[in-house]
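Reader: I would like a careful look at one small part of this model, starting from a single loop and its backbone, and then a connected account of what else can be said about the fold around it and beyond. Please take your time over the reasoning.

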Amino acid sequence: MTKNTHEVIVCGAGMIGLIFALLMAEKKIKVCIIDKNDKKLLFGQQDSRTTAISQGSARILRNLGIWDKLKNDFQPINQIFVAEGLGSHDITFDCKNLREGPLGFIVDNKLIKKTLLNEVLKSKYITLKYDTEIFNINNEDINNSFIETKNFNLYFKMLVAADGRFSRTRYHANIKYYYHDYQQTAFIFNISHSKKHHGVALERFFPTGPLAILPVNNLKINQSSIVWTVDSEVANDKTFKENFKEEFEKKYDNFFGKIISLSEVKKYPLNVFSCYDIFKKNIILIGDACQAIHPIAGQGFNLGLRDAFVLAKTLEKSKKLGLEPFNLNLMQSYENMRKMDKTLLVNATHTLNSLFSGSGKFKSLFRKTGLKIFSQSKFLKNQSMLFAMGLKSLET
């Protein structure tokens, strides 16, 4: 009986897993994507959320031929206003100061996913297996590694885990990680409002958590996407639940004029996962499976995309050298290249959330002083914009 063997298997048909597969296909390297969902569920997912895509990530997607397929639907971010609480803006980030194009883009998740899946189905280098859930991974012998599923075994040379924050691949591989529960809840929904947003995004920091208002491309109505983080103690309070809209309107403060409507509100508990090792034997983690960060800076997707981009380049190098997909020296090189970027963003989002949430005179004074110093430094603002745009390389 012939073994069901693949050089590289990607676990998870989420955005990062699909992009990694397409990056590999671009380099004419065959991959197999497996996903636990059946075909109907995979293609019929109705994700109402949006994703913030940095300028650097957009350039990677453009080179893949994906970006042009989204161009009629993405919303450029031209300015970002940052403030503590209500009132005047403490910091303004403006794309005109760098001449690199928009600071980023807001795109509907369901549109990105649909576009990526369609491209995957067209590729002769990618095999997509639905309804394939991992029951166990056997890689004691890396030359005879296989995945056990309910119907068959899949043999692999390298297994790439892109199955998200609660990765089962990570669990089966027994890869250790740091975990912290922020005791916060993110409320995500869309609003329509009376005034145009003109590509402006807003981040307001409150003692109970930050509020992000992100512009959405909608030709029919003025619309923005909301990510409102609230301490879970407050979020679970009966009075807060009963007065949710009124509480939000206070924080929103008619920034884009009167609120006309709110969409369905979805909520997510916030936490951080950060793996101590990026790979173990011939299993390697990318995206949220490797590091799932706080949404305060909107960088989770972009961090994962850089994982996929650098790993694909590393495996291309392996192929050119005539090596197996898993090569210890190259994997260690990949880990070193990604370590600074990962560590910096995990720590930065963790620290930012700590500093800009919570009450107290000292914290309030520190925030006001820090924002004032930052706003007066053109160098600091420009460097932080380049980093957030994914245009400042942190590879070592």
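**A loop residue and its wider setting**

Author: Lys 281 lies in the loop between β18 (279-280) and β19 (283-285). The model is a predicted one, and what follows should be read with that in mind. The phi of Lys 281 is near 55 degrees, which is a positive value in a residue other than glycine. Most residues other than glycine have a negative phi. As for its surroundings, Lys 281 has a relative accessibility of 36% and therefore counts as partly exposed, since that class covers values from 20% to 50%.

Two pairs of residues bring helix α5 (residues 168-173) into the account. Ala 173, which is placed in this helix, is 109 residues from Asn 282 in sequence, yet the two C-alpha atoms are 9.8 Å apart in space. Thr 169, also in helix α5, stands 114 residues from Ile 283 along the chain, with a C-alpha to C-alpha distance of 8.5 Å. On the helix side, Thr 169 has a relative accessible area of 0% and is buried, while Ala 173, at 11% relative accessibility, also counts as buried because it falls under 20%. A further pair of this kind is Asp 73 and Leu 219, which are 146 residues apart in sequence and 9.5 Å apart in space, C-alpha to C-alpha. Asp 73 has its place in the loop between α3 and β4 (75-77), and with a relative accessible area of 40% Asp 73 is partly exposed.

A positive phi also appears at Lys 28, where the angle is about 60 degrees although the residue is not a glycine. Lys 28 is found in the loop between α1 and β2 (31-34), just after the end of α1, and its relative accessible area of 52% makes it exposed, because the threshold for that class is over 50%. The helix before it, α1 (residues 15-26), has twelve residues that should span 16 Å at 1.5 Å a residue, and its end C-alpha atoms are indeed 16 Å apart. Helix α1 is mostly covered, with eleven of its twelve residues buried; among them are Met 15, Ile 16, Phe 20, Leu 22, Met 24 and Ala 25.

Helix α9 (residues 300-320) can be examined in a similar way. Its 21 residues reach 31 Å from the first C-alpha to the last, close to the 30 Å expected at 1.5 Å a residue. After α9 comes Gly 322, with a positive phi near 75 degrees. The axis of α9 and that of helix α3 (residues 55-63) come within 10 Å and cross at roughly 45 degrees, and α3 and α9 are therefore oblique to each other. The crossing of α3 and α9 is left-handed.

The aromatic side chains complete the picture, and the structure holds 21 aromatic pairs. One of them joins Phe 43 and Tyr 130 in an edge-to-face arrangement, with 6.3 Å centre to centre and 65 degrees between the planes. This pair links distant parts of the chain, since Phe 43 belongs to helix α2 (residues 39-44) and Tyr 130 to the loop between β8 (126-129) and β9 (136-138), 87 residues apart. Both rings belong to partly exposed residues, with a relative accessible area of 33% for Phe 43 and a relative accessibility of 24% for Tyr 130. Phe 255 and Phe 256 likewise form an edge-to-face pair, at 4.6 Å centre to centre and with 65 degrees between the planes, and both Phe 255 and Phe 256 are buried. Elsewhere, Phe 187, Phe 189, Trp 228, Phe 240, Phe 244, Phe 248 and Tyr 252 form one aromatic cluster.

Rings also meet charged side chains in this model. The charged end of Lys 129 sits over the ring of Phe 152, 5.7 Å from its centre, and the charged end of Arg 170 sits over the ring of Tyr 177, 4.6 Å from its centre.

How values were computed: Residues numbered from 1 in each chain as written. Predicted model: local features only at pLDDT ≥ 70, side-chain atom pairs only at ≥ 80, totals over all residues. Heavy atoms only, no water. Phe/Tyr/Trp six-rings, centres within 6.5 Å; stacked < 30°, edge-to-face > 60°. Helix = DSSP H or I, 4+ residues; strand = E, 2+ residues; numbered from the N terminus. Buried < 20%, exposed > 50% of the residue type's maximum accessible area, 1.4 Å probe, protein only. Lys NZ or Arg CZ within 6 Å of the ring centre and 35° of its normal. Expected span 1.5 Å × (residues − 1). Axes fitted to C-alpha atoms, helices over the stretch in contact; angles between N-to-C directions. Parallel < 35°, antiparallel > 145°, perpendicular 65-115°, else oblique. Left-handed = near helix turned anticlockwise from the far one by under 90°.
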